[in-house]
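Q: Could you take me on a close look at one helix in this structure, and then show me how its surroundings are built? I would like one connected account that I can follow with the model open beside me.

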Amino acid sequence: MEATRFELTQSDLLLIPHHYIQKGLLFPKPSHQSQPFIQWIQRLETAFFKALDIFYPLAGRLVMTQYDDVQLTKSFFIDCNGAGGAFFDHVTFHNVTVADILDPLYIPDDVVYSFFPLNFVCNFQGVSKPLLAAQVTELVDGVFIALSANHSVADGTMFWLFFNTWSQICRQNGVVLDPPHPVFDRDQFFEGINPYLLPLRIPFDPDRNTNNTPSSTPITLKQRMFRFSKEIIAKLKAKANAEIIHLSPTKSINNISSLQAVMAHLWVSITRNRSYLKSEDEVSYIVMVGLRQRMEPPLSEAYCGNAVMFGNVETTAGKLLGKNGLGWAALEINKMVVSHTPEKAQEYLKNWAKSPNEIKMKKELGCELLTGSSPRFNVYGNDFGWGRPITVRSGPGSKYDGKLTVFPGSEKGSIDFEVCLRAQTLKSMSVDKQFMETVTI
C-alpha cells in the first residue's frame with residue numbers, strides 16, 4: 001500500500017525558500033516521415049503521466065502547518081493524495097531554431113527561459129503550485145523538453161530518474177517495461193531524533209523569502225557553457241595530484257578526484273578574473289556533500305528525497321591565487337569533503353533537528369561559488385524515440401553570480417559546466433589564455 005504522507009527532512013527543509021529544479025534537453029525535430037509531430041506530443045503526454053504514476057508524490061502538494069510559538073515556526077509534509085496533479089504543456093515557437101540556442105557565445109536567457117514552466121516559483125509555494133510541470137516546446141527544427149520540480153520534494157537523483165523513466169516509456173510507445181522502484185520513505189533521517197521534535201519545525205517567514213522575480217540588483221549576469229574534455233580533465237587531475245605531494249606528503253597521489261580538480265581549476269580561474277576582488281577579500285566555494293553513503297546504514301541508491309549537507313571552503317583571494325596553485329585549491333576542497341564523515345553527518349542531522357536556523361534566501365555577494373547537480377546523472381541517455389539530445393540547459397531558478405551547474409558532457413568522459421557570473425567576469429575569462437586553453441567552446 002502506497003504511503004499518503006511524507007514529512008520533509010532536514011535536507012528537504014534547507015531548500016524550502018529556494019526555486020524549483022529546472023532542467024531541459026534540446027533535441028533535433030523528429031522526421032515527419034516517422035509520424036506527425038502532434039502524435040509525438042500525445043505520446044509524450046501519455047508517457048509523462050504514466051511515469052507520474054510511478055513517482056506518485058510528485059502529483060501531490062505540500063502542506064504547511066504554522067505553530068503558535070514565539071518564532072511562528074512551520075512544518076511541511078508531502079500530501080500524496082494526487083488531488084493537485086502535475087502539469088503538462090505544449091508550446092510552439094515558429095521563429096526559433098536550434099542554432100539560436102547553440103550559436104551565441106552566451107546562453108540566450110530570454111529564449112531559453114521561455115522553455116520552462118513555473119519560473120521563479122519557490123519550493124514552499126508547492127502548497128498551491130504543482131510539484132512537477134513539463135513543457136514541450138516545438139521549434140522550427142528542434143524540440144526542447146523541460147521539467148520543473150519542487151526541490152524540497154525531489155533531489156537531482158529523483159529528477160533525472162523521472163526524466164529517464166519518462167523517455168523510456170515514450171520510446172517504448174507507452175509500454176512500461178522494467179520500471180524503477182523509487183524509495184520515498186524518509187524515516188531513516190529521523191532515526192535517533194527525539195520523537196517530540198517531529199515533525200521538524202523551522203523558523204521561516206514566507207513573506208520575507210518570496211523570490212518570484214529575477215535578481216533586483218543592478219549587476220548584469222551572463223551564462224556560458226564550458227566543456228572540459230576527457231583529456232583535459234586527466235591533465236588537471238594529474239597536475240593537482242602531483243602538486244599536493246609537496247603540500248601534503250601523506251596524501252595519496254590519486255587522492256584528488258577528476259571533479260575536484262576541475263572545480264579547483266574553475267575556482268582559481270574565476271577568482272583571477274573577478275577584477276573587483278582585492279587580495280585580502282574572503283572567497284569561498286560551497287559544495288553540496290552527499291549524505292547517501294554517510295547515513296547509517298547507507299541510503300538506497302533509489303532514495304528520492306534530498307540527502308545533502310553544505311560544505312564550505314574558505315580562504316582569501318590572495319592566498320588562492322598565490323604560489324600554491326591548482327593542487328592547493330583542490331586539496332582544500334578534498335579535505336572539506338573528506339571531513340564530512342558519517343559521524344559528522346549524523347551529528348549534523350541531530351543538531352539541526354534540535355535547533356534549526358532560520359532559513360533565508362541567499363544574498364548575492366560576488367565572492368563565492370556554488371556547484372550544483374552532478375556529472376553522474378544520466379542526461380544524454382534520454383531518448384524519447386527519435387534520438388539522443390543535442391545539449392542540456394537549465395531554467396532561471398536559483399541563478400546568481402557564482403552558480404556553477406555541472407552536467408556530463410555529450411562526449412564520453414567530458415564534463416560541462418553551465419557558469420553564471422557577472423558579464424565582466426565572463427568577458428575577462430574569454431581572453432584568459434590560461435583558462436581558455438583548457439575548455440572547448
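A: Happy to. A residue is called buried here when its relative accessible area is under 20%, and exposed when that value is over 50%. Please keep in mind that this is a predicted model.

Let's start with helix α5, which covers residues 156-171. Its 16 residues reach 22 Å from the first C-alpha to the last, close to the 22 Å expected at 1.5 Å a residue. The buried residues of α5 are Met158, Phe159, Trp160, Phe162, Phe163, Asn164, Thr165, Trp166, Ser167, Ile169 and Cys170. Just after α5 comes Asn173, with a positive phi of about 55 degrees.

Now for the rings. There are 29 aromatic pairs in the structure. In one of them, the ring centres of Trp160 and Phe163 are 5.2 Å apart and the planes meet at 15 degrees, so this pair is stacked; the cut-off for stacked is under 30 degrees. Trp160 and Phe163 both belong to α5 and sit three residues apart, about one turn of the helix. An α-helix has 3.6 residues a turn, so residues three or four places apart point the same way. Trp160 is buried, at a relative accessible area of 3%, and Phe163 is buried too, at 0%.

The rings of Phe162 and Trp166 have centres 6.4 Å apart and planes at 50 degrees, so that pair is tilted. In α5, Phe162 and Trp166 are four residues apart, or about one helical turn. Both Phe162 and Trp166 are buried.

Aromatic rings also meet charged side chains elsewhere in the model. Arg5 lies over the face of Phe77, 3.7 Å from the ring centre. Likewise, the charged end of Arg201 is placed over the ring of Tyr67, at 3.6 Å from its centre.

Since α5 holds a buried cysteine, Cys170, you may be wondering about disulfides. The count is zero. Take Cys80: the closest cysteine sulfur to its own is that of Cys304, and at 12 Å this is too far for a bond. A disulfide would need the two sulfur atoms within 2.5 Å. Cys80 is buried, with a relative accessible area of 9%. Cys304 is in no disulfide either, its nearest cysteine sulfur being that of Cys80, 12 Å away. Cys304 is buried as well, with a relative accessible area of 1%.

For a second helix to set beside α5, turn to α11, residues 342-354. Its 13 residues should span 18 Å at 1.5 Å a residue, and the end C-alpha atoms are 19 Å apart, which agrees. In α11 the buried residues are Ala345, Gln346, Leu349, Trp352 and Ala353. These cover an arc of only 135 degrees around the axis, so they lie on the same side of α11. The face turned away from that buried side carries the exposed residues Glu343 and Lys354.

Next, the strands. In β7 (residues 142-149), eight of the eight residues are buried, so the strand is largely enclosed by the rest of the structure. Both faces of β7 are covered. One side has Gly142, Phe144, Ala146 and Ser148, while the other has Val143, Ile145, Leu147 and Ala149, all of them buried.

What pairs with β7? Strand β2 (residues 21-28) does so in the antiparallel sense, over eight bridges, and there Ile21 stands opposite Ala149 of β7. Strand β6 (residues 132-138) also runs antiparallel to β7, joined to it by seven bridges. Ala133 has Ser148 of β7 as its bridge partner, and a hairpin of three residues links β6 to β7.

Strand β8 (residues 221-228) has six of its eight residues buried, so β8 too is largely enclosed by the rest of the structure. β8 pairs with strand β14 (residues 415-422) in the antiparallel sense, over eight bridges. Phe228 stands opposite Ile415 in β14.

To return to the helix you asked about: α5 holds the stacked pair of Trp160 and Phe163 and the tilted pair of Phe162 and Trp166. Those four residues are among the buried ones of α5.

Methods. Residues numbered from 1 in each chain as written. Predicted model: local features only at pLDDT ≥ 70, side-chain atom pairs only at ≥ 80, totals over all residues. Heavy atoms only, no water. Helix = DSSP H or I, 4+ residues; strand = E, 2+ residues; numbered from the N terminus. Expected span 1.5 Å × (residues − 1). Buried < 20%, exposed > 50% of the residue type's maximum accessible area, 1.4 Å probe, protein only. Phe/Tyr/Trp six-rings, centres within 6.5 Å; stacked < 30°, edge-to-face > 60°. Lys NZ or Arg CZ within 6 Å of the ring centre and 35° of its normal. Pairing = 2+ DSSP bridges. Arc of directions from axis to C-beta.
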